[in-house]
Amino acid sequence: MSSPKISPKMSPGIKPKIKSQTRSRIRSQIDPAINIDSLFHALGDPTRRAILDRLSRGPLSVSALAAPFDITLTAVAQHLQILEESGLVHTEKLGRVRTCRIETTGFSALEQWIRDHRSLWQRRLDQLSDLLAEPDENE
């Protein structure tokens with residue numbers, strides 16, 4: 001088994017600080033009840049994305065939401081449960097009708113996660129650009 005490569009500026013046994021700093025910043029800014037993995041899982045299914053597209057136009061009952069899909073009402077309810085657990089949808093029962101609407105909590109957490117990772121990768125790419133712009137000592 002080979003040992004991991006260590007950059008010239010890092011000492012063995014010392015982990016880069018950026019990882020722990022970024023991780024703690026992300027945890028402090030995102031609602032701890034929201035799990036990014038569950039968000040990506042929820043968004044990974046085309047039926048759930050289609051449900052979100054329909055709900056983006058306004059609240060709908062479960063039966064109205066299920067109408068254009070070629071799946072059972074039970075299957076739609078299962079998709080809604082996953083969307084609700086991930087913080088993307090909120091359902092509310094009024095009388096005999098269960099109404100669904102977009103929930104901003106999950107989208108806000110997802111947006112923050114993307115913003116943090118975009119910033120991290122932008123810094124890394126800037127560092128790479130600076131490194132590549134340095135004159136080669138062999139020339």
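Buried means under 20% relative accessible area, exposed means over 50%, and partly exposed covers what lies in between. Keep those cut-offs in mind on this tour: Arg101, for instance, has a relative accessible area of 37%, so Arg101 is partly exposed. What you have open is a predicted model.

**The whole chain**

Start with a cartoon view of everything. You should find 6 helices and 3 strands. Trace them from the N terminus and the order is α-α-α-β-α-α-β-β-α. Of the 139 residues in the protein, 25% are buried. Now switch on the surface, if your viewer has one: the protein exposes about 10,400 Å², and carbon and sulfur atoms supply 54% of that area. Among contacts with a separation of 6 or more, 56% are between residues 24 or more positions apart. A few such long-range neighbours come up on the way.

**Stop one: helix α6**

Select residues 104–133, which form helix α6. This helix has 30 residues. From its first C-alpha to its last, α6 reaches 42 Å, close to the 44 Å expected at 1.5 Å a residue.

Which residues of α6 are buried? Select Gly106, Ala109, Leu110, Gln112, Asp116 and Leu120 to see them. Please give them a colour of their own, and leave it on for the next stops.

**Stop two: the salt bridges**

Side chains of opposite charge can pair when their charged atoms come close. How many salt bridges does the structure hold? There are 2.

For one of them, stay on α6 and show the side chains of Glu111 and Arg115, which meet in a salt bridge at 3.4 Å, N to O. Glu111 and Arg115 are separated by about one helical turn, because they are 4 residues apart in helix α6. Are these two buried or partly exposed? Glu111 has 46% relative accessibility, so it counts as partly exposed. Arg115, at 38%, counts as partly exposed too.

Then select Arg101 and Glu103. These residues form a salt bridge whose closest N and O atoms are 3.6 Å apart. Arg101 is the residue you met at the start, partly exposed at 37%.

**Stop three: an aromatic pair**

A search of the whole structure finds 1 aromatic pair. Select Phe40 and Trp113 and show their rings: the pair is edge-to-face, 5.1 Å centre to centre, with 75 degrees between the planes. Zoom out a little and you can see that the pair links distant parts of the chain, as Phe40 sits in helix α2 (residues 36–43) and Trp113 in helix α6, 73 residues apart.

With a relative accessible area of 38%, Phe40 is partly exposed. Trp113 counts as partly exposed as well, at 25%. While Trp113 is selected, add Ile36: these two residues are 77 apart in sequence, yet their C-alpha atoms are 7.9 Å apart in space.

**Stop four: helix α5**

Move on to residues 73–85, helix α5, and pick Ile82. Its relative accessibility is 25%, so Ile82 counts as partly exposed. What does Ile82 touch, not counting residues up to four places away in sequence? Show His41, Ala42 and Arg48 to see these partners. Another residue to add is Ser38, which is 44 residues from Ile82 along the chain, with 8.1 Å between the two C-alpha atoms.

Next, select His79, also in helix α5. Is His79 buried or exposed? His79 counts as buried, because its relative accessibility is 14%, and the cut-off for buried is under 20%. Leaving aside neighbours within four places in sequence, His79 is in contact with Asp45, Thr47, Arg48, Ile51 and Ile71. You may recognise Arg48, which Ile82 touches and which is in contact with His79.

**Last stop: a nonpolar patch**

Return to helix α6 for Leu125. Together with Leu128, Leu131 and Leu132, Leu125 makes a nonpolar surface patch of about 420 Å². Select the four and colour their surface to bring out the patch. Leu125 counts as partly exposed, because its relative accessibility is 48%. For a closing view, compare Leu125 with Leu120 on the same helix: Leu120 is one of the buried residues of α6, whereas Leu125 is partly exposed.

Technical notes
Residues are numbered from 1 along each chain as its sequence is written. This is a predicted model: local features need pLDDT of at least 70, side-chain atom pairs count only at pLDDT 80 or more; totals for chains, interfaces and linings use all residues. Side-chain values use heavy atoms; hydrogens and water are left out. Patches are made of residues with over 30% relative accessible area and no salt bridge: like charges are joined within 9 Å, nonpolar side chains (Val, Leu, Ile, Met, Phe, Trp, Tyr) within 5 Å. Accessible areas come from the Shrake-Rupley method with a 1.4 Å probe; for residues, only the protein chains shown count as cover. Helices (H or I, at least four residues) and strands (E, at least two) are DSSP runs, numbered from the N terminus. Buried means under 20% relative accessible area, exposed over 50%, partly exposed in between (1.4 Å probe, protein chains only). Contact means heavy atoms within 4.5 Å. The expected span of a helix is 1.5 Å times one less than its number of residues. Rings of Phe, Tyr and Trp (its six-membered ring) pair if their centres lie within 6.5 Å; planes under 30 degrees apart count as stacked, over 60 as edge-to-face and the rest as tilted.
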